[in-house]
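Welcome, and please have your viewer ready. We will go from one selection to the next and look at what is there.

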Amino acid sequence: MREMTVVDYDPGWPAAYEAEIARLRAALGDVIVRAHHIGSTAVPGLAAKPVIDVLLEVRDLGSLDARDDVMRAIGYEPRGEYGIPGRRYYPKGGDRRTHHVHAFAVGDPRIAEHLAFRDYLRERPDVASVYARVKREAAAEHRYDPDGYVGHKEDFVARTLNDALGRFARPPR
């Protein structure tokens with residue numbers, strides 16, 4: 001059973017992302033067009049679940065799907081769209097998650113959303129501080145309920161994403 005745990009920021013998270021993206025590039029090669037560190041572990045100073053979120057921009061989802069065995073070989077579980085059309089989702093680590101890969105085809109608008117949210121929190125430590133409090137509350141109230149944890153944060157994330165898109169409206173980079 002997965003436990004929702006939020007910890008203080010770890011300055012080693014960016015290096016953990018870099019090490020993982022090197023493994024992913026070695027495994028997937030030219031399927032990857034661009035890669036981004038997203039999620040709370042990509043925001044300096046922000047408390048987070050200690051899970052590195054990776055966003056991959058890929059040439060096309062079919063080429064990535066054809067490499068599910070490669071993803072399994074490096075520890076990822078292919079889960080398909082997993083509730084988000086046009087995404088491919090791969091968790092790593094079972095109930096003791098270490099990484100999540102979210103992959104979209106180049107040009108998918110969700111790429112810009114993820115990057116805007118991350119960049120907004122990086123630029124606005126006051127908002128990141130509120131988000132840390134919301135996440136700690138969510139983890140305390142939904143310790144073994146991942147859906148409850150996500151649901152608890154939903155309103156904050158939606159409002160913040162709206163503000164972020166207003167600030168960082170731009171094509172994916």
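How many residues does helix α6 have, and how far does α6 reach from its first C-alpha to its last? Select residues 146-167: this helix of the predicted model has 22 residues and reaches 30 Å, close to the 32 Å expected at 1.5 Å a residue. Now centre on E154, where α6 bends by about 45°.

Next, show the side chains of G148, Y149, K153, F156, T160 and A164, which are buried in α6. Add α4 (109-123) and α5 (125-141) to the view, because the question now is what the buried residues of α6 pack against. They pack against these two helices, α4 and α5.

Step back along the chain to D108, in the loop between β4 and α4. Is D108 buried or exposed? Its relative accessibility is 14%, under the 20% cut-off, so D108 counts as buried. Draw a distance from the D108 side chain to the backbone nitrogen of R110, and you should read 2.8 Å.

Now select strand β4, residues 99-105. Six of its seven residues are buried, so β4 is largely enclosed by the rest of the structure. Two strands to add are β2 and β3:

- β2 (residues 52-58) runs parallel to β4, joined by seven bridges; L55 has H102 as its bridge partner in β4.
- β3 (residues 87-92) runs antiparallel to β4, joined by six bridges; R88 has A103 as its bridge partner in β4.

Finish at the hairpin formed by β3 and β4, with six residues between them. Pick G93 in the turn and check its phi, which is positive at about 110°.

Conventions. Residues numbered from 1 in each chain as written. Predicted model: local features only at pLDDT ≥ 70, side-chain atom pairs only at ≥ 80, totals over all residues. Heavy atoms only, no water. Buried < 20%, exposed > 50% of the residue type's maximum accessible area, 1.4 Å probe, protein only. Helix = DSSP H or I, 4+ residues; strand = E, 2+ residues; numbered from the N terminus. Pairing = 2+ DSSP bridges. Polar contact = N/O pair within 3.5 Å; in protein donor to acceptor, adjacent residues only side chain to side chain. Expected span 1.5 Å × (residues − 1). Bend = angle between axes of the 7 residues up to and from the residue. Contact = heavy atoms within 4.5 Å.
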